[in-house]
Amino acid sequence: MRRNADNVAVAMVSFDGTERCAAPEVSPADRADLVRIIAEHQTVSIRGSGLSYCQAGAAGDVPSLSTRAINRIIALDQENGTIQVEAGCTIGRLLTHLVDCGYWFPVLPGHPHITIGGCVAFNTHGKTQHDIGQFSDHVAALTIYHPDHGEVGCSPTEHPDLFALTLGGMGLTGWILDVTLCVEPLRGRSIRRRGTVVENFVEAVAVMEEAESEGLHLYSWNDGNRRGARFGTGIVYEEAFVGHPAEPRSKYRKLDPVSRGRQIPIPLWNRMTTSVANRAYRLIEARRRERTMAVLDAAFPINGREGYFHAFGARGFREYQMIVPREAWVETVEAVRLAIADTRACVTLASLKLFKGQGRHLWFRGDGVCLTLDGPATRSTLRLFSILDRLAVELGAPVNLSKDSRLDAQAAMSIFPGYERFRSELERHDPARRIDSELRRRIGV
Ligand SMILES: Cc1cc2nc3c(=O)[nH]c(=O)nc-3n(C[C@H](O)[C@H](O)[C@H](O)COP(=O)(O)OP(=O)(O)OC[C@H]3O[C@@H](n4cnc5c(N)ncnc54)[C@H](O)[C@@H]3O)c2cc1C
């Protein structure tokens, strides 16, 4: 077992750098160790790679238990098309193993260092949400350990209530020991990525809607700092498997909240640097319309571009991600454009995905366009985000809690129709609040 010296609290920080607390960090070596440690404490937090933008895996004065050492890939069952893994395994390691065996997992969040436990806890999505849904749609079974209930296996047929509460349950139902995922045969050794230049956010969605029926991976990069008719000019990316192999080039990188931005004393992103970088990026990408990459290189477009996050420096950044109903897209784009102009906020990154499906509890799911906006952790970004909160409430647009470190209980209650049900089911499952996090405290569940 690894503990920081004498169980002394260390500074825990959210990936966006804006939420901090002091908590002892403990790393159980195996399941027996984990059970022993949990029994020693009234309350604990559970932490994967710490890549949630908010403080979802730590709470002040409560030991934060790292899942990272309990990370075996247990068994690939080719007959049933499933793989069982311990939840501390990263999605990048799992995917590398699957590709070696001729299989694929289709829901891939942006970075390979994210753990499977973290993906279950926030029901993460990838570039294929419009097509095959999100993580919860590909989980066949889970094993969960809670100090008051012991080890419980659950699935859609076995303890279905606990299964449903744990998917997207923000790690609050207990330690997810292992996860059985549905996998599919690998459809090609390479991925062809095509970029289409678009003039603005409205055109971007029109291009994406045309492509969405073709079963492609779809997402966009947009420039959110342009004014007028070119607001959101950018590139729509469509990706498809192709047969011929391409040589893999990059290794999967580590990313962690403690080292993010530590070497950068002054934030490098501001309106001027962002504007220059965005124009240069658009120019380069517009020229390079099509490329073919090995599947493992194409899987995580952010891998190798971690410098973007470091450049915010230790002061950090913020992200807003919401699902805008498609019928409200055009007027929402105009409202967001005006809000950015009024607040003079700097948008370092904007991006779109298409979403389908019904959310429950506090899930980030719905029918619409997933709009993502990043900015430095400044007052103008906060002002912009409070305008977006009002828009989200008006539109009934879900906000991604894994990417947000500001929303309070009142806002969460107004935004999520499933809030009260989630709160009461969680209270029944964990009345003594033996699992805690700063996120749980902030949103009042
Ligand atoms: C660069 C980057 C890109 C991203 N892209 C996407 C994306 O495309 N789509 C998307 O949906 N999300 C995305 N995310 C968000 C990320 O997927 C989630 O925040 C995810 O939960 C992070 O997992 P983690 O392993 O870092 O866990 P942490 O951040 O440490 O924890 C997240 C939650 O999981 C819980 N948890 C973790 N392991 C366990 C376990 N074994 N048992 C019980 N609870 C557990 C924690 O308690 C906590 O509530 C991105 C994040 C980054 C940094």
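The following paragraphs lead from the overall dimensions of this predicted model to its domains, its two sheets and the surroundings of its ligand.

The protein contains 14 helices and 20 strands. Along the principal axes, its C-alpha atoms occupy a box of roughly 60 × 50 × 40 Å. The radius of gyration is 21 Å, which agrees with the value near 22 Å that a compact globule of 445 residues would have.

Two domains divide the protein: domain 1 covers residues 73-186, and domain 2 covers residues 190-413. Their C-alpha centres are separated by 25 Å. Where the domains meet, 19 residues of domain 1 are in contact with 25 residues of domain 2. On the domain 1 side of this contact, helix 2 (91-100) and helix 4 (129-132) are the elements that give two or more residues. Helix 2 provides the largest share, four residues. Sorted by class, the side of domain 1 that touches domain 2 consists of five nonpolar, twelve polar and two charged residues.

The description now turns to the sheets. Strands of a sheet pair through backbone hydrogen bonds, in either a parallel or an antiparallel manner. One open sheet is built from five strands in the order 7-8-12-10-11, with antiparallel pairing. Its edges are strand 7 (73-77) and strand 11 (150-154); each has a single partner strand, so one side of each is left without a neighbour in the sheet. From one strand to the next, the twist averages 10°. At one of these edges, strand 7 is joined to strand 8 (residues 82-86) by four bridges, and the two run antiparallel. Within this pairing, alanine 75 stands opposite glutamine 84 of strand 8.

A further open sheet comprises seven strands in the order 17-14-16-15-19-20-18, again with antiparallel pairing. Strand 17 (290-294) and strand 18 (317-324) stand at the edges of this sheet, and because each has a single partner strand, one side of each lacks a neighbour in the sheet. On average, and with direction ignored, neighbouring strands here are turned by 20° against each other. Strand 17 is linked to strand 14 (residues 190-198) by five bridges, and these two strands run antiparallel. Arginine 193 stands opposite arginine 291 of strand 17. Helix 6 (residues 201-211) packs on this sheet and touches strand 14, strand 15 (217-223), strand 16 (233-242), strand 19 (349-355) and strand 20 (368-376). The direction of helix 6 makes about 170° with that of strand 15.

The ligand remains to be placed in this picture. There are 31 residues around the ligand, of which Gly48, Gly110, Gly117, Gly118 and Gly171 come nearest. The elements that each supply at least two residues of this shell include strand 5 (45-47), helix 3 (116-121) and strand 12 (175-182). Strand 12 is also a member of the five-strand sheet, in whose order it stands between strand 8 and strand 10. The largest share of the shell, three residues, comes from helix 3. In terms of class, the shell around the ligand has 13 nonpolar residues, 17 polar residues and one charged residue.

Methods
Residues are numbered from 1 along each chain as its sequence is written. This is a predicted model: local features need pLDDT of at least 70, side-chain atom pairs count only at pLDDT 80 or more; totals for chains, interfaces and linings use all residues. A residue is near a molecule or strand if its C-beta atom, placed from the backbone, lies within 6 Å of it. Ala, Val, Leu, Ile, Met, Phe, Trp, Tyr, Cys and Pro count as nonpolar, Asp, Glu, Lys and Arg as charged, and the others, Gly among them, as polar. Two strands pair if DSSP finds at least two bridges between them. Axes are lines fitted to C-alpha atoms, for helices over the stretch in contact, and angles run from 0 to 180 degrees between N-to-C directions. Domain bounds come from an automatic or database domain assignment. Two residues are in contact if their C-beta atoms, placed from the backbone, lie within 7 Å. The radius of gyration is taken over C-alpha atoms; the globule rule is 2.2 Å times the number of residues to the power 0.38.
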